[in-house]
Amino acid sequence: MADKFDKDSADPLAQERGKCLEKSEKVQKLVGVLHACEQRVQSKSYTAETCSQEVVDLLQALDHCVGPKAFASFV
């Protein structure tokens, strides 16, 4: 997922998300939680776990981080 949010992207929202991935401790922690979940799921032959909540938590943290900057140009 992190490769979708590149600080060097032409998309300003993707740029800000890329910066948050690098600078926000909360976002970095949630990336680690998501990676740990993915490893857990991939290590099992069958599991009902999907990591969907971890994805939602990460995206919410990213949105919270970029929120003030993402819409500043509209005001």
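Trainee: Which handedness does the link of C20 and C65 have about the S-S bond?

Mentor: Good place to start, and keep in mind that this is a predicted model. A disulfide joins C20 to C65, with an S to S distance of 1.9 Å. The angle about that S-S bond is -90°, and the link of C20 and C65 is left-handed.

Trainee: How many residues apart in sequence are the parts that C20 and C65 tie together?

Mentor: Let's place each cysteine on its element. C20 lies in helix α1 and C65 in helix α3. The pair therefore ties together parts of the chain whose separation in sequence is 45 residues.

Trainee: Is C20 buried or exposed?

Mentor: The cut-off helps here: buried means under 20% relative accessible area. Its partner C65 has 24%, so C65 counts as partly exposed. C20 has 4% relative accessibility, so C20 is buried.

Trainee: What is the angle about the S-S bond in the link of C37 and C51?

Mentor: C37 and C51 form a disulfide with their sulfur atoms 2.0 Å apart. This pair links distant parts of the chain, as C37 sits in helix α2 and C51 in the loop between α2 and α3, 14 residues apart. The link of C37 and C51 is left-handed, and its angle is -100°.

Trainee: What pattern do the disulfides of the protein follow?

Mentor: The structure holds two disulfides. One of them joins C20 to C65, and C37 pairs with C51. With bonded cysteines counted along the chain, the pattern is 1-4, 2-3.

Trainee: Which element gives the largest share of the largest nonpolar core?

Mentor: That core has twelve residues, including C20, L30, C37, C51 and L58. The elements giving two or more residues to it are α1, α2 (25-42) and α3. The largest share is five residues, and it comes from α2.

Trainee: Leaving aside neighbours within four places in sequence, which residues is L30 in contact with?

Mentor: L30 is part of the largest nonpolar core, and so are L58 and A61. With the neighbours within four places set aside, both of those are in contact with L30, along with one further residue. The full set is D57, L58 and A61.

Trainee: How many salt bridges does a search of the whole structure find?

Mentor: Let's go through them by pair. K19 forms one with E16, with the closest N and O atoms 3.4 Å apart, and D63 forms one with R17, at 2.7 Å. E49 and R40 form another, also with their closest N and O atoms 2.7 Å apart. The search of the whole structure finds three.

Trainee: In which helix do K19 and E16 both lie?

Mentor: K19 is partly exposed, with a relative accessible area of 33%, whereas E16 is buried at 15%. They are three residues apart, about one turn of the helix. Both lie in helix α1.

Trainee: How many residues apart are D63 and R17?

Mentor: D63 forms a salt bridge with R17. The pair links distant parts of the chain, with D63 in helix α3 (residues 52-70) and R17 in helix α1; the separation is 46 residues.

Trainee: What is the relative accessible area of R40?

Mentor: R40 forms a salt bridge with E49. E49 counts as partly exposed at 27% relative accessibility. R40 is partly exposed as well, with a relative accessible area of 36%.

Terms used: Residues numbered from 1 in each chain as written. Predicted model: local features only at pLDDT ≥ 70, side-chain atom pairs only at ≥ 80, totals over all residues. Heavy atoms only, no water. Salt bridge = Lys/Arg side-chain N within 4 Å of Asp/Glu carboxyl O. Helix = DSSP H or I, 4+ residues; strand = E, 2+ residues; numbered from the N terminus. Buried < 20%, exposed > 50% of the residue type's maximum accessible area, 1.4 Å probe, protein only. Core = buried A, V, L, I, M, F, W, Y, C linked by side-chain atoms within 4.5 Å. Contact = heavy atoms within 4.5 Å. Disulfide = S-S within 2.5 Å.
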